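Welcome! Take a moment to turn the model around on your screen, then read on for a short tour of its interior.

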Amino acid sequence: MSSADLLSQIGQTPIVHLAGLDTGPCDLFVKLESQNPSGSIKDRIAVSMIDAAEREGRLKPGGALVEATAGNTGLALALVAARRGYRLTLVIPDKMSREKIAHVRAMGAEVVLTRSDVGKGHPAYYQDLAERLARDSGAVYIDQFNNPANPRAHETGTGPEIWSQLEGRVDAVVAGVGSGGTLTGLSRFFARVSPGTDIVLADPEGSILAEYTRSGHVGTAGSWLVEGIGEDFVPPVSDLSRVRHAYTISDAESFATARTVLRREGLLVGSSSGTLIAAALRYCRAQTEPKRVVTFVCDSGNKYLSKMYNDTWLNDQGLSDRPSTGDLRDLIARRPEDGAVIHAGPEETLRIAYQRMKLNDVSQLPVLEGERCIGLIDESDLLLALQRGIAFDTPIRDAMVTRLETLPPSASHEQLVALFARDHVALVVEDGRFLGLITRIDYLNALRGKAA
């Protein structure tokens with residue numbers, strides 16, 4: 001393989017020191033696995049597992065691959081499959097970010113979306129479904145959760161790189177477990193070269209793995225929003241026996257940490273990286289003497305711009321830190337004071353209204369003059385106007401609805417539901433000032449959060 005081949009650029013990713021965070025007496029380093037060609041640490045195992053399948057004769061030229069993935073392994077496999085001429089089908093749980101799904105599809109992979117709310121043994125569980133698809137089609141099932149070439153990539157590649165880059169001075173390594181390959185491979189490497197190095201597990205709240213390392217008990221899994229790490233079972237390929245410390249990190253702490261890292265360090269990190277760095281910070285602050293600690297930027301935050309870096313999405317998940325008002329304002333997803341209201345002006349055109357609805361995935365726009373709402377325009381209003389021959393460059397004022405039903409913030413939920421029953425959105429107004437609108441999905445999000 002020539003040095004100009006893209007796959008030869010996998011690995012040898014840089015390590016940087018995080019100087020803008022409170023790390024106690026320790027020095028905290030992150031290895032930028034986001035610098036791999038497909039943008040994540042999974043490039044390493046994709047090459048390793050496909051190389052192994054080729055060596056073993058299971059994968060022939062022009063062959064087909066199937067894998068169950070939370071996204072990044074799929075991206076990495078899509079890269080290698082495209083370079084080597086293989087067909088690829090990916091089975092992906094439906095909680096994954098749309099950026100990841102769009103990316104793998106753009107790279108030519110077939111995507112099968114399946115449920116993320118079922119466990120192992122259910123026919124829709126992503127690993128069971130992938131195994132069945134591979135068996136029925138005769139494709140090679142990559143099976144990262146059982147594939148020994150997965151941890152081998154980190155034992156022979158990632159670990160030695162860290163050791164060399166930090167000049168043989170590594171007191172702790174913090175990693176998460178999705179399939180378990182990263183932590184397993186690193187723990188094997190450091191057991192040989194530096195048995196005193198602490199192996200630290202960062203685990204999302206809801207995953208069973210942190211408790212398993214403490215007690216040996218496999219508990220009942222909950223749910224979590226962080227992608228790529230955490231499990232409801234102990235992956236067969238993983239060896240957690242060398243884990244000395246395990247930290248359970250909530251979604252809220254993971255996302256807040258990732259956003260802090262962006263503001264203070266300038267690194268746009270993914271959701272699992274937020275979990276890893278949060279756990280690393282906890283470990284560092286618990287130390288009483290200086291240590292050199294390393295963890296990972298597993299992938300880039302550009303895959304999560306519609307989720308953890310989106311304030312409206314965080315609010316929909318009940319993870320916003322904005323104060324509660326105890327009235328209908330708590331149900332408003334986009335508030336004027338946050339600069340988040342998607343709206344239009346009366347002199348803007350129907351074309352702008354249409355483009356704004358499409359860009360922001362909304363079906364209606366309040367029409368504002370200053371702090372007052374003077375109208376509402378939705379998809380039906382646009383459609384009716386165009387059918388009547390009104391041009392796209394006509395001002396919104398000529399097509400908007402001006403007879404508005406509004407609610408004060410003190411209105412009851414019963415009044416809100418009654419308004420929905422009349423097929424209206426709720427425009428919340430106080431003393432003539434527009435406070436925001438509430439849609440059915442906003443209310444459903446609030447009810448879901450309350451139930452959770």
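Let us begin with one residue in this predicted model. Leaving aside residues up to four places away in sequence, valine 173 touches Leu186, Phe190, Thr197, Asp198, Ile199, Val200, Val294 and Phe296.

Valine 173 also belongs to a bigger picture. The largest nonpolar core has 59 residues, and those touching the most other members are Ile162, Val173, Leu183, Leu201, Val293, Val294 and Phe296. Helix 9 (residues 271-285) gives this core its largest share, 8 residues. A second, separate core holds 32 residues, among them Ala78, Leu79, Tyr86 and Ile92.

Now for the cysteines. How many disulfides does the structure hold? The number is 0. A disulfide is a covalent bond between the sulfur atoms of two cysteines, and a pair counts here when the sulfurs lie within 2.5 Å. Both cysteines in the table have their closest cysteine sulfur in cysteine 284, too far for a bond.

| Cysteine | Distance to the sulfur of cysteine 284 | Relative accessible area |
|---|---|---|
| Cysteine 26 | 4.2 Å | 4% (buried) |
| Cysteine 298 | 16 Å | 11% (buried) |

Finally, look at a pair of helices. The axes of helix 11 (residues 350-360) and helix 12 (residues 379-387) come within 11 Å and cross at roughly 140°. The crossing of helix 11 past helix 12 is left-handed. Which residues make the contact? Helix 11 brings Leu350, Tyr354 and Met357, while helix 12 brings Glu379, Leu382 and Ala385. Sorted by class, that contact has 5 nonpolar residues, no polar ones and 1 charged residue.

Note on methods:
Residues are numbered from 1 along each chain as its sequence is written. This is a predicted model: local features need pLDDT of at least 70, side-chain atom pairs count only at pLDDT 80 or more; totals for chains, interfaces and linings use all residues. Side-chain values use heavy atoms; hydrogens and water are left out. Buried means under 20% relative accessible area, exposed over 50%, partly exposed in between (1.4 Å probe, protein chains only). Axes are lines fitted to C-alpha atoms, for helices over the stretch in contact, and angles run from 0 to 180 degrees between N-to-C directions. Helices (H or I, at least four residues) and strands (E, at least two) are DSSP runs, numbered from the N terminus. A crossing is left-handed if the near helix is turned anticlockwise from the far one by less than a right angle, and right-handed if clockwise. Contact means heavy atoms within 4.5 Å. Ala, Val, Leu, Ile, Met, Phe, Trp, Tyr, Cys and Pro count as nonpolar, Asp, Glu, Lys and Arg as charged, and the others, Gly among them, as polar. A nonpolar core is a set of buried Ala, Val, Leu, Ile, Met, Phe, Trp, Tyr and Cys residues joined through side-chain atoms within 4.5 Å.
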